[in-house]
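Let's take a walk through this structure together, starting with its pockets and ending with one of its sheets.

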Amino acid sequence: MGAFRLPDSSGDKGWVWAGNEMGALAYYPHGDSKGANDGYPGSLYGTGNDQYKYISEVNIPTPVVSGEKNLNDLNTATTLQDFEDILGHKLQGKELPKLGLTYLESQGEQENGKLYYCYGEHIQDEEKIPSHGWFDLDLSNPQLQGDWKIGDKLNLLTTYYLFNINKEWADIYTPSKYLATGRFRDGGQGSQGPSLYAYGPWNEGNPPASGTKLSYVTLLEYSSVTDSESHVMDRYSHSDEWNGGAWLASGSRSSVLFLGTKGMGNTWYGFSDGTKWPTSGEGPFPPVPGISPTFYGEDLRGWWSDRFQAEILFYDPSDLAAVANGTMKPYEPQPYATLNIDQYLFNLQSSKQKDRVGAVAYDSQHGFLYVSEPLADGNKPIIHVWKLKK
């Protein structure tokens, strides 16, 4: 459907350096209730500067398809609630902090709908610490509640993305558990493919006590690179990035999608120019190459591939139902389709460019999928919009 820009801002409380793979986005169906009747109701809650993770609410202007990918063709969102430090204080001092965010109508004994969150950081190894919670929609008075754990699962599996499960499906296969949480970390630590777990904290208190181990149902989980067995996602690469997801449904059709940046061709740990670095942490170490980056991150050590593409993975919910019922192993579901979305991006500078897309939000009532593209508007992201065909 096109894209739109985010409001200008300055300083830490703004959209600069936002919208990347560490950010979060949530759709709120009752937001901007007095806004224009333009076919794009509701609002978006999102995290700003990736070092601070303050949260703001904006309206949703009509997206525009710009054939020349000219930013001046795009409409700009309006701030509804300015940035507030809702979760940022929890993330200070953490390395490459991750955050997931979604909205769900009131459940159980709740008097109103909540914004649900999860958070983690890049290196967590064997940690099993509280990481999930909820807060109210008024950012000046959020009434933050949490943190809770997803059972005894590793944070490497549960603390990155968060989205709503289709209620009709959940009522059959994961009763009273309407939220899906999971994580993917490059290098295959945790799961060599996206992981996913259904949970519902309102079932264990309003709110549950701090530190509660929440019950959950596993829907998807592959082997970790450290496991003795090797069950991986088809076309898996250590350089993959899967940042967010959504549960799509239209009549009898449904799909669970994950969105991110896919590594293609040969994969190695080291630098973008092909220099390989020992993953054991023991030498001998090669000289660090002098790379003049054409985009943010190209000169950093990490997992690289010959090239990358922005991609959507599609999973069949009937496979996840079989996992929930115990008739399939969590590593058996595989994507039945993929979609390359590079052609729509504004900020493609190199075939080796990572972090092509960031956070994801979904309007299930109207079928709109919202996806952030970092650094597409100077140092700010833009928001792309797709519509599900009914």
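Before we sort any residues, a word on the classes: Ala, Val, Leu, Ile, Met, Phe, Trp, Tyr, Cys and Pro count as nonpolar, Asp, Glu, Lys and Arg as charged, and the others, Gly among them, as polar. Please keep in mind that this is a predicted model.

By that scheme, the lining of the largest pocket divides into 16 nonpolar, twelve polar and 13 charged residues. The pocket holds about 1000 Å³ of space, and 41 residues line it. Lying nearest its centre are Glu 21, Leu 96, Glu 241, Leu 300 and Asp 355. Strand 15 (241-250), strand 17 (302-315) and strand 20 (368-377) each supply at least two residues of this lining.

Now turn to the second largest pocket, with about 650 Å³ of space. Its lining has 28 residues, and Tyr 103, Leu 104, Asn 164, Ile 165 and Ser 364 lie nearest the centre. Among the elements that give two or more residues to this lining are strand 6 (98-104), strand 10 (161-164), helix 3 (167-173) and strand 15. The lining residues here divide into 17 nonpolar, seven polar and four charged.

Strand 10 also leads us to an open sheet, where four strands run in the order 10-11-12-14 with antiparallel pairing. Strand 10 and strand 14 (216-220) each have a single partner strand, so one side of each is left without a neighbour in the sheet. From one strand to the next, the twist averages 25°.

Inside this sheet, strand 11 (residues 179-182) pairs with strand 12 (residues 196-199) over three bridges, and Leu 179 has Tyr 199 of strand 12 as its bridge partner. Finally, look for helix 4 (residues 317-325), which lies across strand 12 and strand 14 and runs at about 135° to strand 14.

Terms used: Residues numbered from 1 in each chain as written. Predicted model: local features only at pLDDT ≥ 70, side-chain atom pairs only at ≥ 80, totals over all residues. Heavy atoms only, no water. 1 Å grid on protein atoms, 1.4 Å probe; cavity = no way out; pocket = protein on both sides within 12 Å on 5 of 7 lines; lining within 4 Å. Points joined across faces, edges and corners; volume = space filled by probe spheres on them. Pairing = 2+ DSSP bridges. Axes fitted to C-alpha atoms, helices over the stretch in contact; angles between N-to-C directions. Contact = heavy atoms within 4.5 Å.
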